[in-house]
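Me: I'm in my first year and I'd like a close look at a single part of this model. Could you pick out one helix for me and then show me what surrounds it?

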Amino acid sequence: MAGSTLEIKNLHVSIEDKEILKGVNLTIKGGEFHAVMGPNGTGKSTLASAIMGHPKYEVTDGSVLLDGEDVLEMEVDERARAGLFLGMQYPSEISGVTTSDFLRSSINARREEGDEIPLMKFIKEMDSALDYLEIDKNMAQRYLNEGFSGGEKKRNEILQLMMIKPEIAILDEIDSGLDIDALKVVSKGINKLRDENFGCLIITHYQRLLNYITPDVVHVMMQGRVVKSGGPELAQRLEAEGYDWIKEELGIEDETQEQNA
Amino acid sequence: MAKNMPEMEEYKYGFHDKDVSVFRSGKGLTPEIVKEISRMKEEPQWMLDYRLKALEHFYSRPMPQWGGDLSELNFDEIVYYVKPSERQGKTWDEVPDEIKQTFDKLGIPEAEQKYLAGVSAQYESEVVYHSLKEDLEEMGIVFKDTDTALKENEELFKEYFGKVIPATDNKFAALNSAVWSGGSFIYVPKGVKATTPLQAYFRINSENMGQFERTLIIVDEGASVHYVEGCTAPVYTTNSLHSAVVEIFVKKDGYCRYTTIQNWANNVYNLVTKRATCDANATMEWIDGNIGSKLTMKYPAVLLRGEGARGNTLSIAIAGKGQLQDAGAKMHHLAPNTSSTIVSKSISKQGGKVSYRGMVHFGRKADGARSNIECDTLIMDNESTSDTIPYNEVYNNNISLEHEAKVSKVSEEQLFYLMSRGLTEEEATEMIVMGFIEPFTKELPMEYAVEMNRLIKFEMEGSIG
């Protein structure tokens, strides 16, 4: 069997007793790139955080399985070691911890004790990833995300993705705040990982990212659910026509999760 | 998230060897004991007179009523002097095996091989092993234990001893002045720059024994030195007292850095008076780490009395269960264009208390002086506390003073971020804490930074709240 499978079934998620996700169903397999699109406030980021286990989000119903294992029973770090990765929209700043030290710890967290990545191998891999993402080598010695520009933070997330090599990655608005050059570089990094062992869920507000990363499946979220799925042509139609035609088709007036449909 | 609360392991350096001391004073403090100490050390009369006068002052001063609770400190229960062996070991071969074993457990020989320029290791009250690399001697640097310096460099000693911290300064300075023993004496001649740090290890090894070392450092014009002192102590059930006095003189254009990491066991009262004076364009830096002790009260001070003098204090304090770290800094701006920075980092956990207590004084002559104070606290749980108590005295309008204080907790977002990369909650917390103190550890010599990181990791075990 090639790659891992992430199955999200009837996922209901609340934050502070307010239901945001109202039954999301998605299956991502190794080798597949899925895009989740939708207007603001429809639950896209909630989906990403809930899968990874952010403590603020409470799963009230449904299941998330990774290769049949119950992800919802796992701690955040166990989910990571099981093969999940979340590229964050707003990565935290960690003062005093260099990007390089953090990367090495993250890689070693997935390896057995006594089987840590050799230092020289690590440095070689990091240097080549930095080059590939056109990141200044100084970043490795800078404190994690501290004083980084928006673009640097996003590149740093992709750097981590490339180094950690998860089975399934969820990228939460990895394109927000990027200029066109940075967007191209970030896309190049993600595309490099494309193979049958890697599955990716790309959450994006804009279609423009999908000009550089061609998804296999496109999902549209509204009111806390996936309301439409299709091929790459769906994204193109959304780019050309916006979301109104979907709302019309489905009889939705307010697309945010505020409304009980 | 899982809340693992493993029990703190036994204090890591909590071994203690068989007592090999030859002489120890009884408990309690009398003029007879002070006379006996002075007689055994074959001191000149002036030192005995000085000790006895200091003792009177010690008797007459009331216990401080501020800072920490000293009510359980019983001066009658303390042994004031222990002489570990008949004479000082001048070479490693002459050092008794049992003492060597203690040093082995602390990893001293390796550290020495790699980095030490000279070692003055204090075992109980007397310096037993003292080596000085030839290049230091060639440069004319004097680095010896304070008792030997009194014998061999009496004139120099007398000129500076007690001049920046008089016996009457405070109750504990008076106590130290009465019963002091051991410590380091350093003289760096004009224009000489010591390229490697000078280091000494201190250690309390006897139950109920107070340690009263006395350090005197004189950095002559244009000279520079970095002195490093590290402490560990074994665990005992009754209270121990460490009350040191450190006096430093930095002459015109001189530079001195004094690095301490104290890791006393959690029943030690650590009451230390440290003060330096800086002449024109001289620089004094206190790098001060407080991890152990039951109660620490320590406020390294700099008297900036020459134009353009600089004083820096960079400190870290970590308080766990039953601990109070009342630490800080004092900067006295007494001349024009003097400058100072104070960076205080503190961590409280498992009900520990940390206080930053600092004083910045700008005298009438301090035209153009400036001071920058930064206090950062990381509170690990809801039982732990932190206080910031800054005093400012300003007698000159043409000065600049900035104070920044920040209290933070390990945030949910930071933990989530690090854990989403596979680090456990404990590893993630540790990483955030290590990052927090990194501005301190990066200033330490390599082997100390390694040791410091090990200590912090050990300290932080089971601190996730």
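Reply: Here's a walk along one helix of chain B, followed by the wider setting. Keep in mind that this is a predicted model.

Let's start with helix H1 of chain B, which covers residues 31-40. Which of its residues are buried? They are B:Val34, B:Ile37 and B:Ser38. Because these three cover an arc of only 95° around the axis, they sit on the same side of H1(B). Now turn to the other side of H1(B): there you'll find B:Glu32 and B:Arg39, and both are exposed. To call a residue buried, you need 20 or more other C-beta atoms within 10 Å of its own, while an exposed one has 12 or fewer.

So what do the buried residues of H1(B) pack against? Their partners are helix H2 (45-60) and helix H8 (171-179), both in chain B. After H1(B) comes B:Glu42, and its phi is positive, near 55°.

One of those partners leads to a record. UniProt, in an unreviewed entry, lists residues 136-199 of chain B as "domain: SUF system FeS cluster assembly SufBD N-terminal". Over that stretch, the chain is 41% helix and 17% strand, with its end C-alpha atoms 13 Å apart.

Step back a little, and chain B is divided into domain 1 (23-298) and domain 2 (411-460). Where they touch, domain 1 of chain B puts in 12 residues and domain 2 of chain B puts in 9. On the domain 1 side, the elements giving two or more residues are helix H4 (108-115) and the strands E9 (224-232), E12 (255-263) and E14 (283-290) of chain B. Sorted by kind, the residues on that side are 7 nonpolar, 4 polar and 1 charged.

Chain B also has a neighbour. The contact between the chains takes 22 residues from chain A and 21 from chain B. On chain A's side, helices H2 (76-82), H3 (99-109) and H5 (150-164) each give two or more residues. H2(A) gives the most, with 4 residues. As for kind, chain A's side splits into 11 nonpolar, 7 polar and 4 charged.

Finally, have a look at the strands of chain A. Four of them make an open sheet in the order E2-E1-E4-E5, with antiparallel pairing. The edge strands are E2 (18-29) and E5 (69-70) of chain A, each pairing on one side only. Strand E1 (residues 5-15) and strand E4 (residues 57-66) of chain A are joined by 8 bridges. If you want a spot to zoom in on, A:Ser14 stands opposite A:Glu58 in E4(A).

Definitions and conventions:
Residues are numbered from 1 along each chain as its sequence is written. Chains are lettered from A and ligands numbered from 1 in the order in which they are written. This is a predicted model: local features need pLDDT of at least 70, side-chain atom pairs count only at pLDDT 80 or more; totals for chains, interfaces and linings use all residues. UniProt positions are given in the numbering used here, feature names are shortened, and annotations may be inferred rather than shown by experiment. Two strands pair if DSSP finds at least two bridges between them. Domain bounds come from an automatic or database domain assignment. Two residues are in contact if their C-beta atoms, placed from the backbone, lie within 7 Å. Ala, Val, Leu, Ile, Met, Phe, Trp, Tyr, Cys and Pro count as nonpolar, Asp, Glu, Lys and Arg as charged, and the others, Gly among them, as polar. The arc is that of the directions from the helix axis to the C-beta atoms.
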